[in-house]
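New notebook page, new structure. I'm going through it feature by feature and jotting down what I look up.

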Amino acid sequence: MSRTVKIVILFIAVIAIGWGIGKYTSSSPSASQEEGASAGAGNELQAPPVAQPEASSEASAVPVATPEATAAPQQTEAAEPTAAPTVKPSEPAPTVKPTTKPAATAKPSGGSGSADAELTAAEPDSVTVMVNKQYKLPEGYKPADLVYPDVPFIFSEKIEKRMMRKTAAAALEKMFAGAKSDGVHLAGVSAYRSEKTQTTLFNNYVKRDGEEKARTYSAVPGHSEHQTGLAIDVSGSDGKCAAESCFGGTKEAGWLADHAAEYGFIIRYPEGKQSITGYKYEPWHIRYVGIDIAEDIVARGVTLEEYYDAVPVSN
């Protein structure tokens, strides 16, 4: 065999061996090459391998990642809606039918817890405000919504004692109209009274009858219901027995006792309740508190003090 032939055969063998090796490597990659490719892909899409333990550590520490943790918020949210029905929807609002001392009176201005402690009304503009010998109005208080009710008075001048708060004035007009339809003709005697006017009146009564007696029928300045603009003294249209004990025997007084509550008024100082209200019987003095409260007070036969469970007032 010539040398040339040997070279050609050797060249063909080398080509054949190279082709076989290339086919084998392309169809069966080594394990080391798989690991290298996998590591390369990880380097491009996520943090370096050294950060992986930290990530897994954080995931295991966060409670919300566990089924138990996600269940807790669901239970809390479910508990909140079921808590609302514990409030009885049928219960009346506190301002409609209070069962304790009036919320409108709160600030003690003397003594602490004593029966004769003086309290200042915290909400003097409330139509349910308590004003008596124990509960007083803030110094210099004057309602902002005073108007002249369109009803007859025993005098013609448009002066302060002809005024009432707007809500009470509207109720008074309806009541006078109701009385008239029943053949009873009412007239106003004295409605709003400023603290200054009350001071003058009280001092005059003290000079005439002495302070002890004056306190049985006249309020100390700041303690008068007339200052609230919610109270009014009434009489018959003829003015007879106006603000006098003889008014109790008139048909006008009888009509008021039977029908005033229908319009939101009460006889503020009923007969036989002087030890509670602090004032003698005044069938002419009516006070606006709203229809619901007025009718409840009349049905129970109590005073405003008893209705609010307030401390009884002494003479």
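Which helices and strands each supply at least two residues of the lining of the largest pocket? I looked this up before anything else, keeping in mind that the model is predicted. The list reads β6 (186-190), α6 (195-209) and β9. Of these, α6 gives the largest share of the lining, with 4 residues.

**Entry: the pocket itself**

I wanted a volume next, and the largest pocket holds about 560 Å³ of space. Its lining counts 25 residues, and the closest to the centre are R193, Y205, Y217, D233 and A243. I marked D233 for a second look, since that residue comes back in the strand notes: its bridge partner in β9 is H285.

**Entry: strand β9 and its neighbours**

β9 supplies at least two lining residues, so I asked which strands pair with it. On one side of my list is β7 (residues 231-236), joined to β9 by 3 bridges, with the two strands running antiparallel. The D233 and H285 pairing belongs here. Then there is β8, which also runs antiparallel to β9 and is joined to it by 4 bridges.

Is β9 mostly covered or mostly open? Mostly covered: 7 of its 7 residues are buried.

**Entry: F265 and Y288**

I stayed with β8 and β9 and checked the rings. The structure holds 6 aromatic pairs, and I wrote down two of them. One is F153 with F155, a tilted pair at 5.3 Å centre to centre, with 55 degrees between the planes. F153 is buried at 9% relative accessible area, and F155 counts as buried too, at 14%.

The other is F265 with Y288, an edge-to-face pair at 5.4 Å centre to centre and 65 degrees between the planes. Why does this pair tie together parts that are apart in sequence? Because F265 lies in β8 (residues 265-269) and Y288 in β9 (residues 282-288), the pair links parts 23 residues apart in sequence. The strand pairing agrees, as F265 stands opposite Y288 in β9. I looked up their cover as well: F265 is buried with a relative accessible area of 1%, and Y288 counts as buried at 11%.

**Entry: R268**

How exposed or buried is R268? I found this arginine in strand β8, and at 1% relative accessibility R268 counts as buried, because the cut-off for that label is under 20%. I also checked a distance: the C-alpha atoms of R268 and T303 are separated by 7.0 Å, though the two residues are 35 apart along the chain.

**Entry: charges over rings**

Two lysines went into this entry. The charged end of K133 sits over the ring of Y279, at 4.9 Å from the ring centre. For K158 the ring belongs to Y148, and the charged end is 5.1 Å from its centre.

**Entry: helix α5**

Last, I looked at helix α5 (residues 166-181), which has 16 residues. How far does α5 reach from its first C-alpha to its last? I noted 23 Å, close to the 22 Å expected at 1.5 Å a residue. The buried residues in α5 are A168, A169, A171, L172, M175, F176, G178 and A179. After the helix comes G183, and its phi is positive, near 80 degrees.

How values were computed: Residues are numbered from 1 along each chain as its sequence is written. This is a predicted model: local features need pLDDT of at least 70, side-chain atom pairs count only at pLDDT 80 or more; totals for chains, interfaces and linings use all residues. Side-chain values use heavy atoms; hydrogens and water are left out. Rings of Phe, Tyr and Trp (its six-membered ring) pair if their centres lie within 6.5 Å; planes under 30 degrees apart count as stacked, over 60 as edge-to-face and the rest as tilted. Buried means under 20% relative accessible area, exposed over 50%, partly exposed in between (1.4 Å probe, protein chains only). A charge sits over a ring if NZ of Lys or CZ of Arg is within 6 Å of the ring centre and within 35 degrees of the ring normal. The expected span of a helix is 1.5 Å times one less than its number of residues. Two strands pair if DSSP finds at least two bridges between them. On a 1 Å grid over the protein atoms alone, a cavity is a set of points where a 1.4 Å probe fits but cannot get out, and a pocket is an open set with protein on both sides within 12 Å along at least five of seven lines; lining residues have an atom within 4 Å of a point. Grid points are joined across faces, edges and corners, and a volume is the space filled by probe spheres set on the points.
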